[in-house]
Amino acid sequence: MRTAVVVGAGIGGLAAAGALARSGWQVTVLESADRVPVERTAVVLWPNGVRALRALGLGAGLDAIATPLPDGGIRRPDGHWLVQPRPVAPERAPVVVHREDLHDALIAGLGDRVELRTGIRVRTVTVDPGDRPAVGDGRSTFPADLVVAADGTDSVVRSRLAPEATVVSSGCAAWRAVIPWYRVPRPVRDTTVGGETLGAGYRFVAASLGERGSSGGSSRGGVYWVATAAGAPRPEPPETQLALLRRWYADWPAPIGELLAATEPEDLVQQEVRELRPLPRAYGFPVGPGGVVLLGDAAHAMPPHLGQGACLAFEDAATLQSLAADAVPGEPLRAAVETYSRLRRPRAVTVVRQTRRMSAVLQTRGRLALRARDAALGTISPRLMGSAATTAAQWRPPS
């Protein structure tokens, strides 16, 4: 029986665990929290993320919870259009999914070959050349033919195998929230919510998740919004953070004020935006009869400005499933680990480079720099977004 240990039960780890189990692997998932963490937010999936989930056999579940995301354009805080809304071809259009709905779909796809163990914080990584790779928590050791490091930006496994990859601040903080449908203001319900607004170091993005239980929409419904601001995370309690957000965005165009007014402190999720610089030198490390692979934020943590974090994690899982489906421990599995690294690292480098370019545009500050950015944004943003959309649309899971 081929065995795998997946470190981390986030959406990338769950996707990888289910994919391996459906390919005949016996999988153990190790999660450091006492229960599997689920953010009450949402995630945007571009065509590559959607295609990856379909390759993983989760297409039907995705169709039941995804809401199409129209191009809402880009505005300044005074309401002036920097980039007008444009029609998007269906094959290039993203969708938005409530994270709790996505989590439920991933859990449902695990099957009976997956053992999920919580409260286990991995502290040790063993990669002796002659033995199977293993991880441990100081009390128990978990050897396997394949170890999948899906333990996030602060990955313990990555720090052992790729210490050159350093976690650094991206220079901003983000706040996310989903306003339940019953609390969405009536005027907002009757409009198409989408698009983004850019200020001096500030950004606000909103998207509709549909009405609860609506056909073709998220079963939970509501409106999802993300606000980013230059600087460090705020140490104050959520009530104070929400008051600050309402003050910072007080004069911004509708429906931003209405959405913040309808948000409650318990809806708010704050996150320091961090990234890996440089990226790991490799994403696969042959060890003994198998090896270790890096997946999701453990491999390519990046700013969220192009919405590709979750998409790349699902690409990772779909690629791993394709390569490991028929690989047996020994040279075939070692070769699969090496091929995974060869396929995934160049792909991540391309997407991260595009994300950093967009990050530089979005975080422009200073009066003259802002004028230059706003004057050029109608050309720069479509070009960058078009390049990113093309990159997303072109990806196909390996056959």
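**Note on the predicted model**

1. Gly 79 is found in the loop that runs between strand β5 (74–75) and strand β6 (81–83). The model discussed here is a predicted one, and in it Gly 79 counts as partly exposed because its relative accessibility is 24%, where the partly exposed class begins at 20% and ends at 50%. Gly 79 and Pro 68 are eleven residues apart in sequence, while their C-alpha atoms are 24 Å apart in space.

2. On the overall fold, the secondary structure of the protein chain comes to twelve helices and 19 strands. A compact globule of 399 residues would have a radius of gyration near 21 Å, and the protein chain, with 21 Å, agrees with that expectation. The C-alpha trace spans about 65 × 45 × 45 Å along its principal axes. Of the contacts between residues at least 6 apart in sequence, 75% join residues that are at least 24 apart.

3. On burial and surface, 53% of the 399 residues in the protein chain are buried. The chain exposes about 16,500 Å², and carbon and sulfur atoms supply 51% of that area. As for charge, the chain carries 46 positive and 38 negative charges, and the mean positions of these two sets are 5 Å apart.

4. Glu 275, which is found in strand β17 (residues 269–277), is a charged residue that deserves a look in the viewer. Glu 275 has a relative accessible area of 5% and is therefore buried, the limit for that class being under 20%. Its side chain makes a polar contact of 3.0 Å with the side chain of Arg 277. Leaving aside residues up to four places away in sequence, Glu 275 touches Thr 166, Val 167, Val 168 and Ser 170, and also Ala 301, Met 302, Pro 303 and Arg 356.

5. Arg 277, the partner of Glu 275 in that side-chain contact, is also joined to Pro 278 by a cis peptide bond, with omega about -5°. Pro 278 itself lies in the loop between β17 and β18 (284–287). A further cis peptide bond runs from Ala 254 to Pro 255, with omega near 10°, and Pro 255 lies in the loop between α7 (238–248) and α8 (256–262). Most peptide bonds are trans, so both places may be worth inspecting by eye.

6. Ahead of helix α7, Pro 237 lies in the loop between β16 (222–230) and that helix. Pro 237 counts as partly exposed because its relative accessibility is 44%. The C-alpha atoms of Pro 237 and Pro 265 are 8.7 Å apart in space, although the two residues are 28 apart in sequence.

7. Which residues of helix α4 (residues 99–108) are buried? They are Asp 101, Leu 102, His 103 and Leu 106. These buried residues pack against the helices α1 (11–22), α2 (47–55), α3 (59–65) and α10 (309–324), as well as against the strands β3 (42–45) and β7 (95–98).

8. Val 293 is found in strand β19 (residues 290–294), and because its relative accessibility is 0%, Val 293 counts as buried. Not counting residues up to four places away in sequence, Val 293 touches Leu 146, Val 147, Val 148 and Ala 149, together with Tyr 283, Gly 284, Leu 320, Val 337 and Tyr 340. Val 293 and Leu 161 are 132 residues apart in sequence, with a C-alpha to C-alpha distance of 9.8 Å.

9. Leu 146, one of the residues touched by Val 293, is also among those touched by Thr 3, which lies in strand β1 (residues 3–7). With residues up to four places away in sequence left out, Thr 3 touches Trp 25, Gln 26, Arg 132, Ala 144 and Asp 145 in addition to Leu 146. The side chains of Thr 3 and Arg 132 are joined by a polar contact of 3.1 Å. The C-alpha atoms of Thr 3 and Leu 343, which are 340 residues apart along the chain, are separated by 23 Å.

10. Glu 196 lies in strand β14 (residues 196–198), and at 15% relative accessibility Glu 196 counts as buried. A polar contact of 2.9 Å joins the side chain of Glu 196 to that of Arg 203.

Terms used:
Residues numbered from 1 in each chain as written. Predicted model: local features only at pLDDT ≥ 70, side-chain atom pairs only at ≥ 80, totals over all residues. Heavy atoms only, no water. Helix = DSSP H or I, 4+ residues; strand = E, 2+ residues; numbered from the N terminus. Rg over C-alpha atoms; globule rule 2.2 N^0.38 Å. Buried < 20%, exposed > 50% of the residue type's maximum accessible area, 1.4 Å probe, protein only. Contact = heavy atoms within 4.5 Å. Areas by Shrake-Rupley, 256 points an atom, 1.4 Å probe, with all protein chains shown as cover. Lys, Arg positive; Asp, Glu negative; His and termini not counted. Charge placed at Lys NZ, Arg CZ, Asp CG, Glu CD. Polar contact = N/O pair within 3.5 Å; in protein donor to acceptor, adjacent residues only side chain to side chain.
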